[in-house]
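Trainee: Hi! Could you walk me through this model, one piece at a time?

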Amino acid sequence: MTTTAAPTPDIDDRGITTVAERAVERIAAEAVTEVDGVGGAAGRVLGIATGGEDPDRSAKVTATVANGCATLAVRLSVVYPRSVAATTDAARRHLRRRVAELTGLPVTRVDITISALHTNTATARRVQ
């Protein structure tokens, strides 16, 4: 009894996998929460903040996918007194690695805008 395996299609016959920009945005927004010292950003309407910066919210990410590569624009906050430069460098490295790992798209550019510095502890209001 002889068995034969199904023929493997040629690489030209396999098709194309397309990853939507919205999917890349969601993956990157989740991945950036894995970086220490990074918090979320307030929602915006017409460029105006609609609430305070919230460290528990996710960062805002806009992705562009072109020619098999992704570029990211990220808006986030940083926990004070961490170094902004060190935190953004760590976020860039992590985003490039995780987005490429999860989508198969290399990330060629990550632009980060820091919208606020916040403390780890919530500030309590005092009534006087």
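Mentor: Sure, we'll go through some strands, a helix and a few residues. This is a predicted model, where local features need pLDDT of at least 70, side-chain atom pairs count only at pLDDT 80 or more, and totals for chains, interfaces and linings use all residues. Residues are numbered from 1 along each chain as its sequence is written, and side-chain values use heavy atoms, with hydrogens and water left out.

Trainee: Thanks! How do strands E4 and E5 run, and how many bridges join them?

Mentor: Strand E4 (residues 60-66) and strand E5 (residues 69-79) run antiparallel, joined by 7 bridges. For instance, Val 65 has Ala 70 in E5 as its bridge partner. Strands (E, at least two residues) and helices (H or I, at least four) are DSSP runs numbered from the N terminus, and two strands pair if DSSP finds at least two bridges between them.

Trainee: Which residue takes a positive phi in that hairpin?

Mentor: Asn 67, with phi near 55 degrees; the hairpin has 2 residues between its strands. Most residues other than glycine have a negative phi.

Trainee: Is Asn 67 buried or exposed?

Mentor: Asn 67 is exposed, because its relative accessible area is 79%. The cut-offs are under 20% for buried, over 50% for exposed and partly exposed in between, using a 1.4 Å probe and protein chains only.

Trainee: New topic: in what sense do E5 and E6 pair?

Mentor: E5 and E6 pair in the parallel sense, over 10 bridges. The chain gets from E5 to E6 through helix H2 (residues 84-103), and this β-α-β crossover is right-handed. That term applies if, with the strands pointing away from the viewer, the path from the first strand over the helix to the second runs clockwise.

Trainee: What sits in the loop between E5 and H2?

Mentor: Pro 81 is one residue placed there. A cis peptide bond joins Tyr 80 to Pro 81, with omega about 15 degrees. Most peptide bonds are trans.

Trainee: And Thr 103, where does that lie?

Mentor: Thr 103 lies in helix H2. Thr 103 counts as buried because its relative accessibility is 15%.

Trainee: What does its side chain reach?

Mentor: The Thr 103 side chain reaches the backbone oxygen of Val 99 at 2.6 Å. A polar atom of that side chain also lies 3.1 Å from the backbone nitrogen of Leu 105.

Trainee: Last one: where is Leu 117, and how accessible?

Mentor: Leu 117 is in strand E6 (residues 107-118). Leu 117 counts as partly exposed because its relative accessibility is 47%.

Conventions: Polar contact = N/O pair within 3.5 Å; in protein donor to acceptor, adjacent residues only side chain to side chain.
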